[in-house]
Amino acid sequence: MSVLNIVLVEPEIPQNTGNIARTCAATGARLHIIEPMGFTIDDKKLKRAGLDYWHLLDITYYKNLDDFFSKNKGNFYFFTTKALNRYSDVKYEDNSYLFFGKETKGLPEDLLFNNPENCVRIPMINNAAARSLNLSNSVAIAAYEVLRQWDFPELLCEGKLTKFNWADAEDASR
């Protein structure tokens, strides 16, 4: 089974982390949070954003980046507006870790400088006023690109109407 890991480095906004937790729960991704955080884990805004998905999470906390790297090995990808490579041009291997930095500053520049080949960006307009996408949106874009490349392992890929079935809808459209 392929394993997707989402790594948040010093997240600051509880609602973003709650939304990311919900994305992880819905996709089976593991969530790794590197402290310090800009909120407490019992913050009601965090819990509200994650709704009733907390029991579905595989979540681990780390004191700092050194603590994280001492406990984890895999394929690391650093999402940043400062990268030269597009996120969609990368072939994500099993046991991928997608790193995202704090909302106000992103990932530490020394981490990016030391790993240029693993830094990726989500394209956006060239306008100084549009600095970056929302953190939870970026995580969702990245996670679903990796899962798409892996053919959505263990995810339900078709829905079901409650009153009708899709065969009836196709017949009606002919």
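**Exercise 1.** Is Glu-145 buried or exposed?

*Solution.* The model is predicted. Start with the location: Glu-145 lies in helix 5, which covers residues 135-149. Next, take the relative accessible area of Glu-145, which is 10%. Buried means under 20%. Therefore Glu-145 counts as buried.

**Exercise 2.** Which residues does Glu-145 touch, leaving out those up to four places away in sequence?

*Solution.* Set aside the sequence neighbours up to four places away. The contacts are then Tyr-87, Ser-88 and Tyr-92.

**Exercise 3.** Find the strands that pair with strand 4, and give the sense of each pairing.

*Solution.* Begin with strand 4 itself, residues 75-79. Four of its five residues are buried, so the strand is mostly covered. Now take strand 6, residues 96-100. Strand 4 pairs with strand 6 in the parallel sense, over four bridges. Then turn to strand 7, residues 119-121. This pairing with strand 4 is also parallel, over two bridges.

**Exercise 4.** Which residues stand across from Phe-78 in strand 6 and in strand 7?

*Solution.* Look towards strand 6: the bridge partner of Phe-78 there is Phe-99. Look towards strand 7: Phe-78 stands opposite Cys-119.

**Exercise 5.** Classify Cys-24 and Cys-119 by accessibility, then state how many disulfides the structure has.

*Solution.* The cut-off for buried is under 20% relative accessible area. Cys-24 has 1% relative accessibility, so Cys-24 is buried. Cys-119 has 4%, so Cys-119 is buried too. For the last step, search the whole structure: the number of disulfides found is zero.

How values were computed
Residues numbered from 1 in each chain as written. Predicted model: local features only at pLDDT ≥ 70, side-chain atom pairs only at ≥ 80, totals over all residues. Heavy atoms only, no water. Disulfide = S-S within 2.5 Å. Buried < 20%, exposed > 50% of the residue type's maximum accessible area, 1.4 Å probe, protein only. Contact = heavy atoms within 4.5 Å. Pairing = 2+ DSSP bridges.
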